[in-house]
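Reader: I'd like to go through this one with you, a few residues at a time. Can you put it up so we can both look?

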Amino acid sequence: GGDCPLPSAVEGYDDCKVAYPSYIVNEVCEDALPYNSEACNYDGGDCPPPSPVEGYPSCFVSKPEYIGNGLCSISLPYNSYE
C-alpha cells in the first residue's frame, strides 16, 4: 500500500532488486528474501549460503538451526511449506 520503497537494482548485482540496497554488503545478514538469495549473492556475502535441513529434503536455508527451534520465523524461506 505504498508503505515501502519500490525495489531497485543493486550496483554490482545485475539481477538483485531490493527495497533497501544499502542493506547489501553491510556486514549484517539480512536473512530474508530477496536479500538472502543467489541473485543478491546471499546479502552480498553477509549470509552463509543455504544448506539442506535434515528431514526436509526441499528446504535450504542459511541457518538450519532455526528450523524446529520452537520460535516462529515469519519470513521466507523459514516460514514455508517446505
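**Inside the loop, then out to the strands**

Reader: Is Asn-36 buried or exposed, and what is its relative accessible area?
Author: Buried means under 20% relative accessible area, exposed over 50% and partly exposed in between, using a 1.4 Å probe and protein chains only. Asn-36 is on the buried side of that scale, as its relative accessible area is 9%.

Reader: Before we go on, what kind of model is this, and what pLDDT do side-chain atom pairs need?
Author: Residues are numbered from 1 along each chain as its sequence is written, and side-chain values use heavy atoms, with hydrogens and water left out. The model is predicted: totals for chains, interfaces and linings take in all residues, local features need pLDDT of at least 70, and side-chain atom pairs count only at pLDDT 80 or more.

Reader: What pattern does the chain follow along the sequence?
Author: Helices (DSSP H or I, at least four residues) and strands (E, at least two) are DSSP runs numbered from the N terminus. On that basis there are one helix and four strands. Of the 82 residues, 24% count as buried. Read along the sequence, the pattern is β-β-α-β-β.

Reader: Back to Asn-36: which side chain does its side chain contact at 2.9 Å?
Author: Asn-36 sits in the loop between S2 and H1. A polar contact is a pair of N or O atoms within 3.5 Å; within protein, one must be able to donate a hydrogen and the other to accept it, and residues adjacent in sequence count only if both atoms are side-chain atoms. One such contact, at 2.6 Å, links the side chains of Asn-36 and Asp-31. The 2.9 Å polar contact goes to the side chain of Ser-62.

Reader: Asp-31 has no salt bridge, so which side chain of opposite charge is nearest?
Author: Lys and Arg count as positive, Asp and Glu as negative, with His and the chain ends not counted. A salt bridge needs a side-chain nitrogen of Lys or Arg within 4 Å of a carboxyl oxygen of Asp or Glu. Asp-31, in the loop between S2 and H1, is buried yet has no such bridge. At 4.3 Å, the nearest side chain of opposite charge is Lys-63.

Reader: How many aromatic pairs turn up?
Author: Rings of Phe, Tyr and Trp (its six-membered ring) pair if their centres lie within 6.5 Å; planes under 30 degrees apart count as stacked, over 60 as edge-to-face and the rest as tilted. By this rule the count is two.

Reader: Why is the pair of Tyr-20 and Tyr-23 stacked?
Author: Tyr-20 is partly exposed at 35% relative accessibility, and Tyr-23 is partly exposed at 32%. Their ring centres are 5.1 Å apart, and the pair is stacked because the planes are at 20°.

Reader: How far apart in sequence are the parts that the pair of Tyr-23 and Tyr-35 ties together?
Author: Tyr-23 and Tyr-35 make a tilted pair, 5.8 Å centre to centre with 35° between the planes. Both are in the loop between strand S2 (13-18) and helix H1 (41-44), so the pair ties together parts that are 12 residues apart in sequence.

Reader: Which residues form the aromatic cluster?
Author: Tyr-35 is buried, at a relative accessible area of 10%. The one cluster is made up of Tyr-20, Tyr-23 and Tyr-35.

Reader: Moving to the strands, which residue in S4 stands opposite Val-53?
Author: Two strands pair if DSSP finds at least two bridges between them. Strand S3 (residues 51-53) and S4 run antiparallel, joined by three bridges. They form a hairpin with two residues between them, and Gly-55 in the turn has a positive phi of about 90°. Opposite Val-53 stands Tyr-56.

Reader: Within S4, what is the relative accessible area of Val-61?
Author: Val-61 lies in strand S4. Contact means heavy atoms within 4.5 Å; leaving aside neighbours within four places in sequence, the contacts of Val-61 include Pro-49, Val-53, Ile-67 and Tyr-78. Val-61 is buried, with a relative accessible area of 1%.

Reader: And Phe-60, what is its relative accessible area?
Author: Phe-60 is in strand S4 (residues 56-61). Outside its neighbours within four places in sequence, Phe-60 touches Pro-50, Ser-51, Pro-52 and Pro-77. The C-alpha atoms of Phe-60 and Pro-77 are 7.9 Å apart. Phe-60 counts as partly exposed, because its relative accessible area is 46%.
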